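Thanks for coming, everyone. I have one structure to walk through today. Please look at the screen, and then we start with empty space.

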Amino acid sequence: MAKFYITTPIYYPNARLHIGHAYTTVAADALARYHRLLGDEVFFLTGTDEHGQKIGRTAQEAGLSPQQYVDQIVATIRELWGTLAISYDDFIRTSEDRHRTVVQEVFRQLVASGDVYKGTYEGWYCTPDESFWPEGRLVDGKCPVCGRAVERVQEESYFLKLAPYAERLKRHILEHPGFIQPESRRNEMLAFIDQGLDDLSISRTSFDWGVPLPGDEKHVAYVWIDALTNYITAAGFGSDAERFARLWPADVHLVGKEIVRFHAIIWPIILLALKLPLPKTVFGHGWLLLDDAKIGKSTGNVIDPTTLVERYGLDAVRYYLLREVAFGSDGSYSEPSLVLRTNVDLANDLGNLLSRTTAMLERFSAGKVPVPVGTSNLRPVAEAAIYECEQALASLSLSDALVALFRLVKAANKSIEEEAPWTLHRNQDPRLAAVLYDLAESLRITAVALRPFLIDAPAKIYAQLGAGDIGATSWQDVAWGGLKPGATIQRGAPLFPRIEAEEPTASAPRPAVAATTSAKATAEKAGTIELADFKRLELKVARVVSAEPVEGSRKLLKLTLDLGAEQRTVVSGIAGHYDGPALVGKDVILVANLAPATIFGIESGGMILAARDRDQLRLLTVDGSLQPGSSVS
Ligand code: MSP
C-alpha cells in the first residue's frame, strides 16, 4: 500500500477564514480523497499557525489573551471545514504541547549541529506576512511581497545559516523536476537562490507569544520556523519514530504562491540541517482574485464560503473552486461565474443527463438497466476521459481532471441527440439496449470519478441508477462494465436544480422565499399574482419531433415533443396557422405540469404557448439554442 501525506498551509487564526483559504483546503481535500480511493494510506494534515506578532497584536486589540482569541477563531475554522466536508486526518495547532516540544527539539538540534548562532538583527519586518526584509530588498520602502508597511526591528536574535546549504538545495531542485511545481515557481526559486541567501533570524525577543527557546527563554521561535515544523510534528517526529519513518517525507505541501519561498527554500534547508529527507513536492497555486485584487483579510474583500454553501449547495461551491481556475494560475472569482458554472456543467450537462437517462430507462426499459448487446459507443470515450483524469490528478491539475470527466458527460448527452432512443424504441431497434446501457454506465463511472471532488452528487447518481452503495466503491470501479443489468432505476429529484438568474448576489440580502398571507391578499386585491403563484407553472423548452393533423379536425395538430428526459404528445389548435412539417425541429414553450386532457381521443400532456394578434397566431420560442427540457422562468 502506497502512502500519501498531503498538507495545507496552517492558517493564521487572526480572523475568520475566507474563500481564498477554502480554495487551498478544498484542493487538498480532493487530492486526499482521490488517494484514499486509490487505496493509499492517506495522511491529510491541516491546522492553524497561532503564534507570532500579528496574532499577539490582534488579540490585544480585542482585549483577549492570545490563547482565548485563537481558541474562538479556531472553532469557526473547524466549523468551516465541516461545512466544506474537508476530510482531514489531523488538525494541528501550533499552541499545542505536542508541537512546542518538537520546535524546541528542532532548535536544540540546529544549535548542536552548528547551523545556528546568536547575533543581533537589524532590519525591517512585515508583520502581516511575518517576514524579515533587509533594507535592500524593500520596494519603495514597503514589503516586496504584499506591498504593506514594514517596521524597523533591532533586537538580539538567533540566526540560521542558509548559505552553506544553497548549492545542495539548488542541485536538489535541478535533479528533482517535481520538487517545486509548477515550473514558473521553480524558476523563481532558482533565481532567488542565485541572489544569495542571507542568514535567517529565527527568534524574537520583543514579544512572548510563541515557543520559548530552550536555554534562552527570553527568545521565542520566529513564527515561520515554528509553523513549518508543524509538518514533522504531526507525522510523529520526536514522538513516534516508527510512524515518522512511514509518513515522512510529505508527498505534497500545497501552498499559495506567496509562501512558496518559505516552503521551497527555508523549510528544505532546515530539513537538510536536521538530516531529514525533503518533501517530494511543494506546489504553489495561484490566487483567487476579486476585481483583479487578491481576496484577503487585509483588502477587506473577503467572501464567506459558508454563505455560498448555504445559497448554492456544497457541491456547487466545491465544483466551482476546483474547476473554474487552472490550478497554479491566478483566476477571478465572481458569483455570476459560480452560478453559470453550476447551471451549465452541473444542472444542464450532468443533472439533465441523469434525469433524461433515468426517464428513458423507465419508459423504454421497464425501469431496469438493460443487458447491453452490440457495440458500445461511449466505452472508448469513458476510458479516454478516465485516463486523462488520472494523468491530470497525478500532476495536481485539478481543473483539467474535471474538464476530462465532463467530456464524457457531454459525449453522453450528444449521444442522446444522435441516437434518439425514442425512435429506436418506436422502431423496436435492438440497438436501444446498448444505447441505454452506455448512458447509464457512463453516468455510473462519472459518479465514481467525481467522488474526490463532489460530496453529495455521486451518491445520488448511484442511488438513481440502482447501482448500490457508492461508499463501497474504489477508484478501480471507474472500469467500464460495473453496472449490473437488471438493476432497478430509482428516479429522484433533479441532481442540481437550476439557479435562477434573479438570485441575489452574496452581498445582497436574500428576499423572503415564502409569501405571507397578507402579502398574498394585497396582491389579489391589486389584480396581481405573487411570484410564488407564477412559479407553480412548470414551463419548459420542448423541441418538435413530429406534427401531424388530427383526423376529423381542421384546427388541431398532434405534436410529439422532445423534453430531453422524455417525449410528450400534445394536441394544439394551431393547424390553421402552421403547417405540420414546418414545425419539426422548432423549439416551443410547453406548460409541462398542466393536467392531461383527452382531445379527439388523444391524451394531450400539456399546452404550448402562442401569442395572438387579432386572427394572427405565433408560437413562442427561445432566442438561441437551448437543450430540450430547459426550464423557462
Ligand atoms: N500561516 C501561514 C502559513 C504557514 S504554513 C507553514 C499563512 N497563513 S494564511 O492564513 O495567511 O494563508 C494561508 C494560505 O491561504 C496561503 O497558502 C495563501 O496563499 C492562501 N490564500 C489566502 N488568500 C488567498 C486567495 N485569495 N487565493 C488563494 N489562496 C489564498 O500564510
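V103, V106, F107, L110, I202, L213, A221 and I225 line the largest cavity. Keep in mind that this is a predicted model. The volume of that cavity is about 40 Å³. Which helix gives the most to its lining? Helix α4, residues 97-112, with 4 residues. In total the structure holds 2 cavities of 30 Å³ or more. How is such space found? Rolling a probe the size of a water molecule over the atoms shows where empty space is left.

Now to a pocket. The second largest pocket holds about 920 Å³ of space. Its lining counts 41 residues, and the closest to the centre are Y12, H21, D129, E258 and K294. Which elements give two or more residues to this lining? They are α1, α7 (223-228), α8 (230-233), α10 (260-273) and β15. Helix α1 has the largest share, with 4 residues.

Hold on to K294 and β15. They take us to a sheet. This sheet is open, has 3 strands and runs in the order β15-β14-β16. Its pairing is mixed. β15 (293-294) and β16 (331-332) are the edge strands. Each has a single partner strand, so one side of each has no neighbour in the sheet. Strand β14, residues 288-290, runs antiparallel to β15, and 2 bridges join them. Across that pair, L289 stands opposite K294. That is the K294 we met among the residues closest to the centre of the second largest pocket.

Next, strand β13, residues 281-285. Is it buried or exposed? 5 of its 5 residues are buried, so the rest of the structure largely encloses the strand. In a regular strand the side chains alternate between the two faces of the sheet. Here T281, F283 and H285 point one way from β13, while V282 and G284 point the other way. Both sets are buried.

What pairs with β13? Strand β12, residues 252-256, runs parallel to it, joined by 5 bridges. In that pair, L254 has F283 as its bridge partner. Strand β7, residues 180-181, also runs parallel to β13, with 2 bridges. There I180 is partnered by V282.

Two peptide bonds deserve a stop here. Q181 and P182 are joined by a cis peptide bond, with omega about -15°. P182 sits in the loop between β7 and α6 (183-194). W248 and P249 are also joined by a cis peptide bond, with omega about 10°. P249 is in the loop between α9 (241-247) and β12. So β7 and β12, the strands on either end of these loops, are names you have just heard as partners of β13.

On to helix α3, residues 66-83. It has 18 residues. From first C-alpha to last it reaches 26 Å, close to the 26 Å expected at 1.5 Å a residue. Which of its residues are buried? Y69, V70, I73, V74, I77, L80 and W81. They lie on the same side of α3, because they cover an arc of only 125° around the axis. An α-helix has 3.6 residues a turn, so residues three or four places apart point the same way. On the other side of α3, E79 and G82 are exposed.

What do the buried residues of α3 pack against? The list is α1 (19-38), β2 (41-48), α2 (53-61), β3 (90-93) and α11 (305-312). Note α1 again, which we met in the pocket lining.

After α3 comes A85. A85 has a positive phi of about 55°, although it is not a glycine. A85 lies in the loop between α3 and β3. Its relative accessibility is 17%, so A85 counts as buried. A420 also has a positive phi, near 40°, and is not a glycine either. A420 is in the loop between α15 (398-419) and α16 (421-426). With a relative accessible area of 14%, A420 is buried.

Last, the whole protein. There are 21 helices and 26 strands. The C-alpha atoms fill a box of roughly 105 × 60 × 40 Å along the principal axes. Of the 633 residues, 54% count as buried. Among contacts with a separation of 6 or more, 73% come from residues 24 or more positions apart.

Terms used: Residues are numbered from 1 along each chain as its sequence is written. This is a predicted model: local features need pLDDT of at least 70, side-chain atom pairs count only at pLDDT 80 or more; totals for chains, interfaces and linings use all residues. Side-chain values use heavy atoms; hydrogens and water are left out. The expected span of a helix is 1.5 Å times one less than its number of residues. Buried means under 20% relative accessible area, exposed over 50%, partly exposed in between (1.4 Å probe, protein chains only). The arc is that of the directions from the helix axis to the C-beta atoms. Contact means heavy atoms within 4.5 Å. Two strands pair if DSSP finds at least two bridges between them. On a 1 Å grid over the protein atoms alone, a cavity is a set of points where a 1.4 Å probe fits but cannot get out, and a pocket is an open set with protein on both sides within 12 Å along at least five of seven lines; lining residues have an atom within 4 Å of a point. Grid points are joined across faces, edges and corners, and a volume is the space filled by probe spheres set on the points.
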